[in-house]
Amino acid sequence: MSTRNTVLHALHDVGLAAWFGGSLFGLAGLNAAAEEAGDRRTADRVSSIGWAKWSPVNVAAIAAHTIGGAGLLAENRKRALAQKGHTGTVNAKLALTIAAIAASGYTRLVGKKVEDAVIHQASGVSSSTTSTLSDATTKQGGDSGVGEAAREADKRIGQAASNVAEQLPADVASANRQLHALQYAIPVLTGAIVVLSAQASEQQRPGDQVKGIARRAGSAVQSIASAAAA
């Protein structure tokens, strides 16, 4: 690479670290802690609150990783095409990233269905963050109405997510089973992206680049020769 792309690398790496780390902690820490809370409904409630609180941060992490990754791919597109071996790494990363984004989005919808079933029958609970919004809290914005605007935005986001979640064909019990399976899948997918990112970094070494480009050129010459012979 002839130029530095520190910001893009930071977005890519920090976003991926938060995405992978958050999903792993939620699975191994939050869910396990919720299991100690008592009965099944209480455990689901505690777990749902924690995941809902994490959701906005997770969205920001996914967005940062996607922006950084897209920028790096654009900057290194020639090498991605020319260096044999690196092309496969890039394609695998793209496939895993798309799968992880799809899994994360669907997990949030399934989680919202469970969340609405175990939490949101209670009055005074925010639809999107499951935070209790007291009158004192909503009045903190004073005459500016910041508190009221935050409450309305929070409510609209939650209602929109709930409306989509309601359309899912699964009942709550089935949604809960899907949710637990997906919460295992996401750290596996994002962990695989971490491994491929490490491999891609190793492929930036000058020696690896020269070998990869030479192999690509040799394959191209061999293909041309085979076509000519035919």
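The following legends describe close-up views of a predicted model.

**View 1. Packing of helices α1 and α2.** Helix α1 spans residues 6-35, and helix α2 covers residues 40-75. The two helices pack with their axes 7 Å apart, at an angle of about 165 degrees. Since angles over 145 degrees count as roughly antiparallel, α1 and α2 are therefore described as roughly antiparallel to each other. Their crossing is left-handed.

**View 2. The largest nonpolar core.** This core comprises 13 residues. Trp 19, Ala 100, Ala 103 and Val 110 are the members with the most contacts inside it. Two or more residues are contributed by each of α1, α4 and α7, the last of these being residues 172-202. The greatest contribution comes from α7, which supplies six residues. As a general background to this view, nonpolar side chains in soluble globular proteins tend to be buried together.

**View 3. Surroundings of Ala 100.** Ala 100 is among the residues with the most contacts inside the largest nonpolar core. When neighbours within four places in sequence are left aside, Ala 100 is in contact with Trp 19, Leu 189, Thr 190 and Ile 193. One of these partners, Trp 19, is likewise listed among the core residues with the most contacts.

**View 4. Surroundings of Ser 104.** Ser 104 is located in helix α4. Its relative accessibility is 9%, so Ser 104 counts as buried, the limit for that class being under 20%. Apart from neighbours within four places in sequence, the residues in contact with Ser 104 are Trp 19, Ile 62 and Ile 186. Trp 19 is thus a contact of Ser 104 and also a contact of Ala 100.

**View 5. Gly 111 in helix α4.** Helix α4, which runs over residues 86-118, contains Gly 111. Gly 111 has a relative accessible area of 11% and is therefore classed as buried. Ser 47 lies 64 residues away from Gly 111 along the chain, yet the C-alpha atoms of the two residues are separated by 9.8 Å.

**View 6. The salt bridge between Arg 108 and Glu 115.** The side chains of these two residues meet in a salt bridge, with an N to O distance of 3.1 Å. The partners fall into separate accessibility classes: Arg 108 is partly exposed, because its relative accessible area is 24%, whereas Glu 115 is buried, because its relative accessibility is 0%. In general terms, side chains of opposite charge can pair when their charged atoms come close.

**View 7. Salt bridges of Lys 112.** Lys 112 forms a salt bridge with Glu 115, in which the closest N and O atoms are 3.2 Å apart. Because Lys 112 and Glu 115 are three residues apart in helix α4, about one helical turn separates them. Both Lys 112 and Glu 115 are buried. The side chain of Lys 112 also meets that of Asp 116 in a salt bridge, at 3.7 Å from N to O. Lys 112 and Asp 116 are four residues apart in helix α4, about one turn of the helix, and Asp 116 is buried, as is Lys 112.

**View 8. The salt-bridge network.** Through shared partners, salt bridges join Arg 108, Lys 112, Glu 115 and Asp 116 into one network. Glu 115 is a partner of Arg 108 and of Lys 112, while Lys 112 is also paired with Asp 116. A search of the whole structure finds three salt bridges.

Notes. Residues numbered from 1 in each chain as written. Predicted model: local features only at pLDDT ≥ 70, side-chain atom pairs only at ≥ 80, totals over all residues. Heavy atoms only, no water. Buried < 20%, exposed > 50% of the residue type's maximum accessible area, 1.4 Å probe, protein only. Core = buried A, V, L, I, M, F, W, Y, C linked by side-chain atoms within 4.5 Å. Contact = heavy atoms within 4.5 Å. Salt bridge = Lys/Arg side-chain N within 4 Å of Asp/Glu carboxyl O. Axes fitted to C-alpha atoms, helices over the stretch in contact; angles between N-to-C directions. Parallel < 35°, antiparallel > 145°, perpendicular 65-115°, else oblique. Left-handed = near helix turned anticlockwise from the far one by under 90°.
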